[in-house]
Amino acid sequence: STICQLAEIHFILLFSRQGKLRLQKWYTTLPDKEKKKIIREIVQIILSRNQKTSSFVDWKDLKLVYKRYASLYFCCAIEDQDNELLTLEVVHRYVELLDRYFGNVCELDIIFNFEKAYFILDEFIIGGEVQETSKRSAVKAIEDSDMLQETVEEYMNKPAF
Amino acid sequence: MPAPIRLRELIRTIRTARTQAEEREMIQKECAAIRSSFREEDNTYRCRNVAKLLYMHMLGYPAHFGQLECLKLIASQKFTDKRIGYLGAMLLLDERQDVHLLMTNCIKNDLNHSTQYVQGLALCTLGCMGSSEMCRDLAGEVEKLLKTSNSYLRKKAALCAVHVIRKVPELMEMFLPATKNLLNEKNHGVLHTSVVLLTEMCERSPDMLAHFRKLVPQLVRILKNLIMSGYSPEHDVSGISDPFLQVRILRLLRILGRNDDDSSEAMNDILAQVATNTETSKNVGNAILYETVLTIMDIKSESGLRVLAINILGRFLLNNDKNIRYVALTSLLKTVQTDHNAVQRHRSTIVDCLKDLDVSIKRRAMELSFALVNGNNVRGMMKELLYFLDSCEPEFKADCASGIFLAAEKYAPSKRWHIDTIMRVLTTAGSYVRDDAVPNLIQLITNSVEMHAYTVQRLYKAILGDYSQQPLVQVASWCIGEYGDLLVSGQCEEEEPIQVTEDEVLDILESVLISNMSASVTRGYALTAIMKLSTRFTCTVNRIKKVVSIYGSSIDVELQQRAVEYNALFKKYDHMRPALLERMPVMEKVTTNGPAEIVQTNGETEPAVLETKPPPSGLQPASQANDLLDLLGGSDITPVIPTAPTSKPASAGGELLDLLGDLNLTGSPVSAPAPQIAQPPFLLDGLPSQPLFNDISAGIPSITAYSKNGLKIDFTFERSNTNPSVTVITIQASNSTELDMTDFVFQAAVPKTFQLQLLSPSSSVIPAFNSGTITQVIKVLNPQKQQLRMRIKLTYNHKGSAMQDLAEVNNFPPQSWQ
């Protein structure tokens, strides 16, 4: 029997090898304190995993799917019955999108342009579900949106309300 | 007023901080600047300030004072503002703050904006964090957008609808019309999100599920096109076209095909095709195969397809990639019940996974291994699992131990093997064994009658070296208390019997009592064991008395109480001590659920036994009893007298206390007010439950077991319906002399191969002139159906002097034991 789930992906975390948070996207409602606690716990769990282990960790009633790309860990929490192997592909696709947008993306890009990392994620996933499976379309939407951002003059001159 | 520092500038500055304190200082300074900027209602730099705030929020600093500012940004006309505003709302706001509702109107406006990217922002925000109220207010807008021809918006609207349904399930119906043509889209984004929406609706509503079954052929077609189509750079992943969409379609097919023959048949071919043609060299192909296997196993697929699926899982198990092995084990665990034989074929690979370094893989391999144990492979499997128990992480040990006990109980090839396995678990993982395992093990050991000597010897040796593992020590203490006589008399047949003296046995039990490592419960076990040995040991009774009296002033209340009661047993009730501390009977078969049942069983059989029909010769007493009943006002023929010990909350070792507790609940029908007439006790104290025993008039002849000096003891017999090895003997002692016999105690002993249980006597006074009897029930367990023999010892006071006699009873009728 199926369990009606609240989201396929419950949250996504990006953090460095020193455990510094670079992005947090939550698709379920939790108090801030709870989020901080979860982040600390999960970062600790994943950073202590060695090379010989799988990419999946049973955590509470969820599964953590994680992968390290260069100096950044990408971690997705999914429902227990979801397809872990596909989630690895989801993570990989996100990295590809970042790479396509930034050109040879590295951690510094994510640090200095964190809002863009969020915008890209939001073009790829909504409410914990994938919305676009074409790399080209997702990145194009961001680039087009970027074009909509006003120049300084436009920004200053346009009325606020 | 200089312009506020730019975002990237701030990030650069903060990153130069060398200490946490330095960083905090920078942040506080900037926050102060931002706050004053907010207070000044500065429109120009609001966006920049909120962006900075979001960065600091990510570092872990509070940013709630920016919540309202996000709302102002969302309301702005500038796209830049809206982008940051919506991002801020998603990061800083959620449905638990009332302020979030202020967004509703802005979102509504933006959902109707002329620029699709603004509409997109609104849809995204609503779909990620919309509260139930917001969803209710805006569902209509979402539904409109679900019907737009703009695929960029349509795909977002679909996921927004999914979120609305998750938050407010009652709204699901309104999206039904819009789903009509969703699958006709060519756009993959819309297709994917549509499949997600349909899946959500089907999972939540059986009606929707039935309604959407007609989509199966279309879904199959779409899937087929994906597989057959040539290379499409836009959706390609390592040579596979849009794996995300393929997997979602497979999942929807699973839901539609479940429990439906027609649908399952319609998708049979495509599943076989995907299963055989998907490239397995990369993770993406295996992700699709995995989903395919899950679908095959869940729908009503042909057996050939099922075998194909299990074989795919079998191949997964051999894959070098740990992730693949992990999902294989997970799936096999799901299918092991339904496709047991197919999974059995992969047993050795699964067992190998027990040695994997990955904790999640080990856990699954362990669970799967237990699921695969059966009568044929139990020896080999247990060997592997015991080895696993030895070396696994502590987090597994409790579950593993429990699993081994369960499997051993179900499939043990011999009692010796069973005991050995239990021993092995207790000695290797002794401190991880669950508390409820102890009473179960005790019951198992008790019922393995022929292994008692061996078991107690092994347990004794086990705790000699180390008595720190509590469950092990508890079981060992109990066994030593119970079978200590076998231990010192060196009766072990299974292995070389050891030479142990009574003192040595008491030494170890006393060590357990004294040790700081012993839990209170364990001490209780040890003390009771020592007490029980007082009737099994011959030379050390004084030592035992001493130990018991010392603990009468223990600060541990539990121990103190026990010691005080045992002391009382020595002092005032010494004649009852042998009966009370008698060997435990074979317990009725209970489920492996713990002590409560065991106690109940013992309790139940007592009154049931007493509830026997009177012997034909006893018709007179019966009518007398009826008269008595009328006197007592009982309208029933078999009144209920609450004497039976009901299931007491059994603490570990509690069942022994209950035995002593029976001191007060002797099922004594001789209620004080009633006159001393010959009352057949069975009518008065029996519960009106279904008799377990044959009607006596089925005719096992009774015997006079003893007759001397005016004391006559008759035995009447019954055989149990449920257990042919059990014979119930009811003794009736009568006194033909002119003076009462008081403090009467009847004791019995049987040969080794039998077991005896003596229940409480009806009283200790045999009135003179045959005017009354004492009755007592003996239960004899005779598993080997040997000829019944008994030695009895009688003690009583008569005419001012203490009397004692020993006799043998050899005239048991064959029907009582054959």
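A salt bridge, as counted here, is a side-chain nitrogen of Lys or Arg within 4 Å of a carboxyl oxygen of Asp or Glu. Keep that rule at hand for the exercises below, which all work on a predicted model.

**Exercise 1. Salt bridges, overall and within chain B**

Task: Find how many salt bridges the rule gives over all chains, then examine the pair formed by B:E95 and B:K167.

Solution:
- Step 1. Applied over all chains, the rule yields 64 salt bridges.
- Step 2. For B:E95 and B:K167, the closest N and O atoms lie 3.0 Å apart. The cut-off is 4 Å, so the pair qualifies as a salt bridge.
- Step 3. Now place both partners. B:E95 sits in the loop between α5 (79–92) and α6 (103–111) of chain B, while B:K167 belongs to helix α9 (residues 151–167) of chain B. With their positions 72 residues apart, this pair links distant parts of the chain.

**Exercise 2. The interface of chains A and B**

Task: Describe the contact between chain A and chain B by its residues, its buried area and its polar pairs.

Solution:
- Step 1. Start with the residues: chain A contributes 72 and chain B contributes 79.
- Step 2. Turn to area. About 7000 Å² is buried between chain A and chain B, and carbon and sulfur atoms give 55% of that. On the side of chain A, the residues that lose the most area to chain B are A:L85, A:F112 and A:Y155, together 10% of what that side buries.
- Step 3. Count the charged pairs: 13 salt bridges run between chain A and chain B. One of them joins B:R166 to A:E129, with the closest N and O atoms 2.8 Å apart.
- Step 4. Add the polar contacts, which amount to 34 residue pairs between the two chains, both residues at pLDDT 80 or more.
- Step 5. Ask which element of chain A supplies the largest share of the side that touches chain B. Helix α5 (residues 135–148) of chain A does, with 9 residues. By type, the residues of this side of chain A divide into 30 nonpolar, 16 polar and 26 charged.

**Exercise 3. The three-stranded sheet of chain B**

Task: Trace the sheet that contains β6, β9 and β10 of chain B, and follow its bridge partners.

Solution:
- Step 1. Write down the order. The 3 strands form an open, antiparallel sheet, β6-β9-β10. Its edges are β6 (741–749) and β10 (801–809) of chain B, each of which pairs on one side only. Neighbouring strands are turned by 15 degrees against each other on average, direction ignored.
- Step 2. Join β6(B) to β9 (residues 790–798) of chain B through 7 bridges. Among the positions to check, B:F746 has B:L794 as its partner in β9(B), and B:A749 stands opposite B:R791.
- Step 3. Continue across the sheet from B:R791, whose bridge partner in β10(B) is B:E808. In total, 9 bridges join β9(B) to β10(B).
- Step 4. Look at the turn. β9(B) and β10(B) form a hairpin with 2 residues between them, and B:K799 in that turn has a positive phi of about 50 degrees.

**Exercise 4. The five-stranded sheet of chain B**

Task: Do likewise for the sheet of chain B that includes β4 and β5.

Solution:
- Step 1. The 5 strands follow the order β3-β4-β5-β8-β7 in an open sheet with antiparallel pairing.
- Step 2. At the edges are β3 (703–708) and β7 (755–758) of chain B. Neighbours in this sheet are turned by 20 degrees on average, direction ignored.
- Step 3. Strand β4 (residues 711–719) is joined to β5 (residues 726–735) of chain B by 9 bridges. As an example, B:K712 has B:S734 as its bridge partner in β5(B).

Terms used. Residues numbered from 1 in each chain as written. Chains lettered and ligands numbered in written order. Predicted model: local features only at pLDDT ≥ 70, side-chain atom pairs only at ≥ 80, totals over all residues. Heavy atoms only, no water. Contact = heavy atoms within 4.5 Å. Buried area = accessible area lost by both parts, 1.4 Å probe. Polar contact = N/O pair within 3.5 Å; in protein donor to acceptor, adjacent residues only side chain to side chain. Helix = DSSP H or I, 4+ residues; strand = E, 2+ residues; numbered from the N terminus. Nonpolar A, V, L, I, M, F, W, Y, C, P; charged D, E, K, R; others polar. Pairing = 2+ DSSP bridges. Axes fitted to C-alpha atoms, helices over the stretch in contact; angles between N-to-C directions.
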